[in-house]
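Biologist: Please take me through this model. I should like to start with how the chains meet.

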2 protein chains.
Amino acid sequence: MNKDNTVFVGNKPVMNYVLAVITQFNNGAEEVSIKARGKAISRAVDTAEISLNKFLDNVTKQEIITSTEVIDTESGQTNVSSIEILLRQG
Amino acid sequence: MNKDNTVFVGNKPVMNYVLAVITQFNNGAEEVSIKARGKAISRAVDTAEISLNKFLDNVTKQEIITSTEVIDTESGQTNVSSIEILLRQG
């Protein structure tokens, strides 16, 4: 999968990310990966659900992966949960 | 699966839910389902990750399901995302 087909979800309004996902599919992507860490995980799930329920026909959830990433902060290393939701055409 | 084997994640500190998951397995559960809606979804992922990485040997993520639920509020119906993370012994 092309790296461009990844949408990183952060703190912006959810519709920004929904639009990004739709745009990727409209540009011919077969798969789009939605990724987020920490508190943005909820918004990543919202992004996938809204995209699938309201905008994308013939696209399905292919896989959902959660993991733990180690992040460097000013006060040392810390663990943060992450999620990847893989949507696929067809 | 027994309904008692479900941990509903809300707004309490994450370790409360981790402890609940561990207790279920220690009481002999083969499967424990971690469920959350809306902003608590991030904490549900944290609960699963911390439980698996720090406390539970021989338990794996069996399945992760996301969905959209319709909720009645004072101002009418609204959609909310939900997640279910199924952990399984063995």
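Modeller: A word on terms first: contact means heavy atoms within 4.5 Å. By that criterion, 20 residues of chain A are in contact with 20 residues of chain B.

Biologist: What kind of model is it, and how is it numbered and lettered?

Modeller: This is a predicted model, in which local features need pLDDT of at least 70 and side-chain atom pairs count only at pLDDT 80 or more, while totals for chains, interfaces and linings use all residues. Residues are numbered from 1 along each chain as its sequence is written, chains are lettered from A and ligands numbered from 1 in the order in which they are written, and side-chain values use heavy atoms, with hydrogens and water left out.

Biologist: How much area do chain A and chain B bury between them?

Modeller: They bury about 1,400 Å², with 47% of it on carbon and sulfur atoms. Buried area here is the accessible area (1.4 Å probe) that two parts lose on being put together, summed over both.

Biologist: Which residues of chain A lose the most area to chain B?

Modeller: Ser42(A), Ile64(A) and Thr66(A) do, and together they account for 35% of what the chain A side buries.

Biologist: Now the symmetry. What rotation superposes chain A on chain B?

Modeller: A rotation of 180°, with 0.0 Å of shift along its axis, and the RMSD is 0.0 Å. The two copies are thus related as by a two-fold rotation axis. The superposition is by least squares on the C-alpha atoms of residues with pLDDT of at least 70 in both copies.

Biologist: Which C-alpha of chain A is nearest the axis?

Modeller: That of Ser42(A), at 2.7 Å from the axis. Both copies use the same surface, since 100% of the contact residues of chain A recur in chain B.

Biologist: And the helices at the interface: how do α2(A) and α2(B) cross?

Modeller: Their axes come within 6 Å and cross at roughly 115°. The crossing is right-handed. Ile41(A), Ser42(A) and Val45(A) of α2(A) make the contact with Ile41(B), Ser42(B) and Val45(B) of α2(B). By class, that contact has four nonpolar, two polar and no charged residues.

Biologist: What do those terms mean?

Modeller: Helices (H or I, at least four residues) and strands (E, at least two) are DSSP runs, numbered from the N terminus. Axes are lines fitted to C-alpha atoms, for helices over the stretch in contact, with angles from 0 to 180 degrees between N-to-C directions. A crossing is right-handed if the near helix is turned clockwise from the far one by less than a right angle, and left-handed if anticlockwise. Ala, Val, Leu, Ile, Met, Phe, Trp, Tyr, Cys and Pro count as nonpolar, Asp, Glu, Lys and Arg as charged, and the others, Gly among them, as polar.

Biologist: Within chain B, how do helix α1 and helix α2 cross?

Modeller: The axes of α1 (residues 14–26) and α2 (residues 41–55) of chain B come within 9 Å and cross at roughly 55°. α1(B) and α2(B) are therefore oblique to each other; angles under 35 degrees count as roughly parallel, over 145 as roughly antiparallel, 65 to 115 as roughly perpendicular and the rest as oblique.

Biologist: What does Val14(B) touch, apart from its neighbours within four places in sequence?

Modeller: Val14(B), which lies in helix α1 of chain B, is in contact with Arg43(B), Asp46(B), Thr47(B) and Ile50(B).
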